[in-house]
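Here are a few exercises to work through with the model open in your viewer. Try each task before you read its solution.

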Amino acid sequence: MEDKRVYGGPALGIAVGIMMLAILLTGVAGAAIETVNSISTSTNLIRNHGFEYGTISWTFFTNGKGTYNIASPGIEGKNASKISLSSAGTNIQLYQTGVTLEPNVRYRLSFAAYSTTGHDLTLNLIRHVSPYNNYGLVYTAGLGTGWKNFTTEFTTKGFTRTVNDGRFQFWLAPFAAAGDTYYIDDIRLEKVISTSPVPPAITRHPVNQTVNEGQTAEFSVVATGTAPLSYQWQKNSVNISGAVDPMYTVPATVLSDSGSNYRILVTNSAGSIMSNAAALAVIPANSINLIMNSGFESGTTSWRFYTSGKGTFTAASPGYEGNNAAKLAFESHGTNVQLYQTGVTLEANIRYRLSFAAYSKTGHDMTVRLFKQVSPYTAYMPEFKVNLGTTWQTFTTEFTSSGAVNDGRLQFWFAAFMTAGDRYYIDNVRLEKVNTFSPPVISKQPSNQTVTAGQNATFTVVATGTLPLSYQWQKNGVNISGATSASYTASAITAADNNAQFRVRITNAYGSVLSISVSAQIAPDTKIFQHSIIDSANLGADLKAVGDLNGDGYPDVVVADNSGTPLQWYEWPSWTKHVIDTSSVFTTDMQLASIRGDGILDVIVPDFVNGQILWYENPRHTGGSPMDSWTKHIIGYSKAHDIEVGDVNRDGRVDVVVRPHFGRHILFLQDNPLSWKRVDIATSTDGEGTALGDIDRDGYLDIVGNGYWLESPDDPANPNWIRHTINGSWPPLVSNKVADINKDGRLDVLIANSESPGRLAWYAAPANPGDAGATWVEHVIEPSVDYVHGILVADFDNDGDPDVAFSEMQQSARRRVGIYWNPGGGASWSLQVLATTGSHNIRMGDIDRDGDIDIVGANYKDTSPVELWRNMKENRPTLPLDRWFYIQLAGNHTPTFGLDFGDIDRDGKTDVVSGPSWYRNPGGKMTNSWAKSAVFPNGIHAILVVDVDGDNFTDVIGQKTEGTNLSIYWLEANDTKGSSFTARRVASLPAASHPQGSQGYRVAQIEKGGRPEILVSTRSSACRGIYYLRIPSSNPEAGNWPEVIVNSNPSDEGFGVADIDGDGNMDIAATTGETKRVEWYKNPGTGASTWQAFAVGDFSEAAFPDRLEVADLDGDGKSDIVATEENGLTGGAETFWWKQPANPMTSNWIRTRIISQGSTNNLGVADMDRDGDRDVILAEHKGTLNLSIWVNDGTGLFKERLVSSGKESHLGARTVDLDGDGDLDIVSIAWDAPQFIHLWRNDAI
């Protein structure tokens, strides 16, 4: 096992000691063999990599006893290195110096090795001299007793320019023992050039700009990543034509530009990243600045400087704008330090804006005030604290005057922040009346609404700006007719509305602004949780833990308190109470872990009175019962509000991290269960809130505090952990947690106020959280919480997405215990309140082992019961699948391949779109006539319903074969009722194999950001494959939508879209037609064409593979693939599914047959019975014409449930909730009997 504490090398003083450092550098002790570096290679960065030149270029050191020489033969060539150890040591290494590395580049290391005892070794790549920074490589190789090849890849870190001081090191301690012999050969360190380009990362985001009307404004970005980088600036989320450089200049600004947001998309072959948005403020041309010599162009005129210490005030060059800026240099600290201007005049009841630019060399802050010049120093504006950086930034604040005055003092106050040696710079100070003709500004955004099915949901926005203000609400980007006031009520919310996105655009004569998108969500079944009392003795139990203490496989509950409740545990299922200790007084937090590493859980808890961190040893370690006496051990001495446990230094032993109330983090490293080393983290701050997680994904646990995280150093015993800011606005006292909320493979951070009112938010982790300037994007889950003691993250409803549980303790006004349900991605949340009695440090576990997560709690006060909220998710009844009512939706339809669904006439009901026309949903039970409405122009057949341009008119995508091409048309409704449509050809693709067009089409978000893409499969004699079309963000009416070919292997039948490899990009799976293969195609994430194909399996039995879908069929969290056969016969058509292996890029997908039946040209996948897994819907095109649901047991085993017989389907078995009752109906079109459209209404609900 790797020991990170000592890998630094022969000059690392922390692990070996200062004396060893001196010995190693002078070469007095140990067997150091110096050689000459004279061998060079072309692509391999390691010299003499095969030891064919003997020991040249390599150095061996041990502080024990051993030799390094050459042995023959090697694994390749005649030589290999041989290290023989006659005694062990704490510092044993073979290394090479002078390794040249480029920053942020991917490298591959390979080598061969073995040891005579099979003992391991670790490889490191570090800086050769102090400080011994790691350059990105820490790799432990599990050696055998015979030659083995090893390969690993890493990305360099810790430097920004090419370095040539790398030390490549084989580190044998602490694995090697006396008598060991190690053999190493064929070492290669090479760039990974073609396969792993580095995605772009933004190191400096655009910043807000304030300019006068008519001036230009400049925004810029600095980004890194594999070249070439491409840039695209956006204004209010719309691409700016021609703005494709790192800097963008807004031409002569007008007042309507004020409030606009500018951001930039940076892209390369490895991916893309969107910058933070920067706002533009435009000051009216006739605005009068009330500050004299505002830019210090007249030197120090009109300004006064005072300090009770020592310092100077001068005009320095250059300024933020113009030649000069104010420079304040401080030689010593003072209690009264200020730069000010007097005689400031204000009018009564007028809105003013104060703006300026500033920075300090140290980043120390300052405060700005405007008050009466003489006693009683009445404040004329609220005090404005300015968080300065070390480079120029602009700052703006607004206030409303209360009366007319001419004795104002504008003051920059430094005393509370500055120190000796500080330098402050200030420029462009402006105090102006706020333009009375202002664009709209949203002061209160709409918020998510959670209602029960059938209730109304009301959304409200509050905005300011020059009247009149007009409002237009949108649903899923489409204007809602008549929704033109500050509030909008969506009536009778149904399952079809669940998670629909609502927003409002506010407009006046001077501009417009778009609100955030919010959702209407149907509240989860409140019966999902069943409340019960574990102990009603009202004893108080602010410490809680959940874990299996007695080894029966069921979690037990442990509690304690600081007011006399003993340390005790409750045994599932009777909740029999067993006391562990009555002699100590405990406080706040507790954890369970196996201190002895044998899997038996012990209790780690703080002693409140004696200031001790204790662990209680489970009697099961020595063969006893947890009902027997527990032995108390002292870990160390400290008060503790927080306790977290984990293997911090990766030595295989549990370590403990504590934080006293309003204190700093302390680490206790375990040497053995009875010996612990205390490390006071010097870079921590006073506060509360502790979480452990590998934030930077280097394999080592980091510590998260109140708005920052502490990066584990090379040796965790080093107290100087690097502190990185997440968000500096949080107070000292918080609750926090780490979890991957958005499922991007990175640990995100959740924070809430623990001792005050505040918010609950999560921060999306950046790609490289340890980089300078790395930005954590805040997502507010709930803007109003208070006294949150307890945050849990788990998939409580088993939908695949992490949900967030929280508890507000007794000081809270609302005392809620609840769950925020996450529909996916962490962008919107709905609250379910479980209790309003409050709780403190809730805990979770699958108490009853029924496959879902339960919650345990008790409040902080001394009269609280111990409570259990038992999750009944897996106990809820599923929907029946035997209640179907057939409706002939159409009897005079036309042969077509097109079928989709959408609200065409904006009446709130989902209509059916198929081929040349659409059918209006009659509502209710849907048994009334489905009126055939507008016929699409020019013989075009509709295939998809998608919002193209964000207006209030329905958009449809259609296809038509024209000559040797398949033309794709955008059909836009000419009115909100969809009574007629205008056709615009937007793309011309190779023709499909059938005159009716393609049988494969989808809408999916292939490229991140913007509108979704249109996907179509084609197959002609000249060309074939899957294409996708980008919907232009501006002027889509012009046609010629950009097209990208995904891959030319697929046929023009069905295909599926999903994130198959879990990298955050939507991939595609398809069949290859005559060659009868199933493949998937990896999305490069860059907008590039010709995606790489990976084999899934063969479908050699098929006359022709037909429909295909991608879904997780066995509940393992990975996307599987199901495909059907078209054979035109009444039997023998196969349907298989392929299980995804651990690595989807291999061909080890396991195939399983579902059914052999009549030609199966229909396929759907959906959770029909609402049991949490995906079922398969199949319908026959030939034979008995069965329509069946193949019910999934959750593991990929299917059982048939017949829905209907005797009605032909072709490109059908499509699921959609047409009547809005919350269950899925089934729709099919036909080919042999094309006049019919079939609808099977599901009456399960």
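**Exercise 1. Get your bearings**

Task: Find the domains into which the protein is divided, and say how far apart the C-alpha centres of domain 3 and domain 5 lie.

Solution. Keep in mind that this is a predicted model. Start with the bounds: domain 1 covers 59–191, domain 2 covers 201–283 and domain 3 covers 304–433. Then come domain 4 at 441–522 and domain 5 at 542–680. For the spacing, take the C-alpha centres of domain 3 and domain 5, which are 53 Å apart.

**Exercise 2. Walk around a pocket**

Task: Describe the second largest pocket: what is its volume, which residues are closest to its centre, and which strand gives the most to its lining?

Solution. Step one is the volume, about 560 Å³. Next, look at the lining, made up of 30 residues, where Gln591, Glu644, Lys737, Ile791 and Arg843 sit closest to the pocket centre.

Now see which strands contribute. At least two lining residues come from each of E42 (543–547), E46 (591–593), E50 (642–646), E54 (691–693), E58 (734–739), E62 (788–794) and E66 (843–845). The top contributor is E58, with six residues.

Finally, sort the lining by class: you should get 14 nonpolar, ten polar and six charged residues.

**Exercise 3. An open sheet with E54 in it**

Task: Work out the strand order of the four-strand open sheet that contains E54, and explain why one side of E54 is left without a neighbour.

Solution. Trace the strands and you get E54-E55-E56-E57, with antiparallel pairing. E54 and E57 (722–725) are at the edges with a single partner strand each, so each has one side with no neighbour in the sheet. From one strand to the next, the twist averages 25 degrees.

Zoom in on one pair: E56 (708–711) and E57 run antiparallel and are joined by four bridges. Glu711 is found opposite Ile722 of E57.

**Exercise 4. Now do it again further along**

Task: Which strands are at the edges of the open sheet E90-E91-E92-E93, and what stands opposite Ile1177?

Solution. The pairing in this four-strand sheet is antiparallel. Its edge strands are E90 (1162–1166) and E93 (1198–1204), each pairing on one side only. Here the strand-to-strand twist averages 20 degrees.

In the interior, E91 (1175–1179) pairs with E92 (1187–1192) in the antiparallel sense over four bridges. Opposite Ile1177 you'll find Ile1189 in E92.

How values were computed: Residues numbered from 1 in each chain as written. Predicted model: local features only at pLDDT ≥ 70, side-chain atom pairs only at ≥ 80, totals over all residues. Heavy atoms only, no water. 1 Å grid on protein atoms, 1.4 Å probe; cavity = no way out; pocket = protein on both sides within 12 Å on 5 of 7 lines; lining within 4 Å. Points joined across faces, edges and corners; volume = space filled by probe spheres on them. Nonpolar A, V, L, I, M, F, W, Y, C, P; charged D, E, K, R; others polar. Pairing = 2+ DSSP bridges. Axes fitted to C-alpha atoms, helices over the stretch in contact; angles between N-to-C directions. Domains from an automatic or database assignment.
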